[in-house]
Amino acid sequence: MRLRSSVGCLAGVAAAMLLVTACGSSSGDEAAAGTASTPKAGIQVVASTNVYGDIVKQIAGDKVEVTSIISDPDQDPHSYEANTQTQLSLSKAKVVIENGGGYDDFMDKMLKSAGNTSAKVLNVVDISGRKAPAGGALNEHVWYDFPSMEKLAAQLATTLSEVDSANGSTYSANAAAFTEKVKQLESTEASVKATSNGAGAAITEPVPVYVLSACGLVNKTPEKFSEAIEEGTDVPAAVLQETLGLFSSKQVKLLAYNEQTSGPETQKVLDAAKANNIAVVPVTETLPSGKDYLSWMTGNLNAIRSALS
């Protein structure tokens with residue numbers, strides 16, 4: 001899935017920024033500007049989603065103030081619209097983290113509109129080194145790819161140390177501790193793979209494909225189905241029937257279902273899985289409430305293991 005924002009809204013945000021920054025310092029002006037005008041302690045970091053915001057906090061702790069633009073676990077990331085608060089946060093950011101790969105293009109637009117040319121921008125897809133396969137499309141959901149998160153942790157430690165050299169040893173130590181825990185997740189993937197025997201899996205979108213593949217599962221979903229759902233277009237009738245047939249013919253052991261986006265076609269797929277006693281593994285694109293990145297991914301792996309048992 002690619003996060004989308006309103007171009008018209010971006011223009012409105014830019015205009016609002018000009019009005020806010022042009023105001024004087026009267027108490028009425030401060031009230032109109034809201035908390036965005038209040039200085040914060042720590043390095044200002046802006047992340048496109050709370051997934052990356054959480055990883056920053058695990059590495060930097062209270063040395064940073066993080067603004068995660070997409071943070072509501074019940075929000076469809078497709079519906080994101082820029083606002084003055086996040087635009088102002090971007091204008092002050094020292095470090096900006098975007099997913100890249102076409103997922104959150106609004107980040108570059110907002111950063112440019114904010115006039116912030118000094119921020120260090122980390123593009124996670126670029127850091128991951130992931131490329132589109134020959135003749136195929138890039139799966140940009142790299143936060144489900146644990147080796148990519150190890151690379152991100154290392155780059156974050158380096159970048160934060162460049163901004164705040166006095167705490168460089170803390171960032172390096174925390175990144176190493178985070179990476180060790182991510183490696184434990186990889187060990188769990190390997191354990192699941194050892195017993196999954198190349199079982200088939202179905203998806204509604206490519207969101208969890210990296211972790212499914214690492215667990216030894218084979219995505220059986222017609223590409224035209226998941227592509228249409230991701231792009232918000234209609235699924236051809238024949239493709240939908242082919243997808244539904246995966247469940248009635250028991251070609252798959254589980255359905256990884258993106259809970260943050262739903263529609264008539266995905267509901268039919270969900271109903272077919274349940275009707276045929278195929279396990280459903282809910283997945284999301286942002287952190288669920290009360291979870292951090294590591295506990296979230298641990299839960300995802302436990303759900304996959306349970307579905308295969």
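Buried means under 20% relative accessible area, and exposed means over 50%. Keep those cut-offs at hand for the exercises below, which work through a predicted model.

**Exercise 1. Get an overview of the chain: how many helices and strands does the chain have, and where does pLDDT stay under 50?**

Solution.
Step 1. Start with the elements: there are 13 helices and eight strands in the chain.
Step 2. Turn to confidence. The average pLDDT of the chain is 87, and 83% of the residues score at least 70. Residues 5–39 are the stretch to treat with care, as pLDDT stays under 50 there. For that stretch the model has 35 contacts beyond four places in sequence.
Step 3. Look at burial and contacts. Of the 309 residues in the chain, 50% are buried. Taking contacts between residues at least 6 apart in sequence, 70% join residues at least 24 apart.

**Exercise 2. Classify I59: is I59 buried or exposed, and which residues does I59 touch?**

Solution.
Step 1. Locate the residue: I59 belongs to helix α3, residues 50–60.
Step 2. Apply the cut-off. I59 has 0% relative accessibility, so it counts as buried.
Step 3. List the neighbours. Leaving out residues up to four places away in sequence, I59 touches A153, L156, L160, T170, Y171, N174 and A175.
Step 4. Follow one of these links to helix α7, residues 146–163. The buried residues of α7 include A153, L156 and L160, and I59 touches A153, L156 and L160.
Step 5. Add a distance: T179 is 120 residues from I59 along the chain, and their C-alpha atoms are separated by 9.9 Å.

**Exercise 3. Check the span of α7: how far apart are the end C-alpha atoms of α7?**

Solution.
Step 1. Work out the expectation: at 1.5 Å a residue, the 18 residues of α7 should span 26 Å.
Step 2. Compare it with the model. The end C-alpha atoms of α7 are 26 Å apart, which agrees.

**Exercise 4. Describe the two sides of α12: which residues of α12 are buried, and which are exposed?**

Solution.
Step 1. Measure out the helix. α12 covers residues 264–275, twelve residues in total, and reaches 16 Å from first C-alpha to last, close to the 16 Å expected.
Step 2. Pick out the buried residues: E265, T266, V269, L270, A272 and A273. Seen down the axis of α12, these buried residues fall within an arc of 160°, so they line one face of the helix.
Step 3. Turn to the other side of α12, where P264, K274 and A275 are exposed.
Step 4. Find the packing partners. The buried residues of α12 pack against α10 (223–231), α11 (237–248), β7 (254–258) and β8 (279–283).

**Exercise 5. Examine two loop residues: what is the phi of N277, and what is the phi of K250?**

Solution.
Step 1. Place N277, which is in the loop between α12 and β8. Its phi is near 55°, a positive value in a residue other than glycine.
Step 2. Apply the cut-off for exposure: N277 has a relative accessible area of 70%, so N277 is exposed.
Step 3. Do likewise for K250, in the loop between α11 and β7. The phi of K250 is positive too, near 55°.

**Exercise 6. Survey the empty spaces: which residues line the largest cavity, and which element gives the largest share of the lining of the largest pocket?**

Solution.
Step 1. Begin with the cavity. The whole structure holds one cavity of 30 Å³ or more, and the largest cavity has a volume of about 30 Å³.
Step 2. Name its lining: Y144, P208, V211, L212, A256, V281, V283, N300 and I304. At least two lining residues come from each of α9 (209–214), β8 and α13 (293–308).
Step 3. Move to the largest pocket, with a volume of about 500 Å³. Its lining has 24 residues, and A137, L138, N139, P206 and E223 lie nearest its centre. The elements giving two or more residues to this lining are α9 and α10.
Step 4. Settle the share: α10 supplies the largest, with five residues.

**Exercise 7. Classify T86: is T86 buried or exposed?**

Solution.
Step 1. Locate T86 in helix α4, residues 84–92.
Step 2. Apply the cut-off: the relative accessible area of T86 is 8%, so T86 is buried.
Step 3. Add a distance. S48 is 38 residues from T86 in sequence, and 9.9 Å away in space, C-alpha to C-alpha.

Terms used
Residues numbered from 1 in each chain as written. Predicted model: local features only at pLDDT ≥ 70, side-chain atom pairs only at ≥ 80, totals over all residues. Heavy atoms only, no water. pLDDT = per-residue confidence, 0-100. Contact = heavy atoms within 4.5 Å. Helix = DSSP H or I, 4+ residues; strand = E, 2+ residues; numbered from the N terminus. Expected span 1.5 Å × (residues − 1). Buried < 20%, exposed > 50% of the residue type's maximum accessible area, 1.4 Å probe, protein only. Arc of directions from axis to C-beta. 1 Å grid on protein atoms, 1.4 Å probe; cavity = no way out; pocket = protein on both sides within 12 Å on 5 of 7 lines; lining within 4 Å. Points joined across faces, edges and corners; volume = space filled by probe spheres on them.
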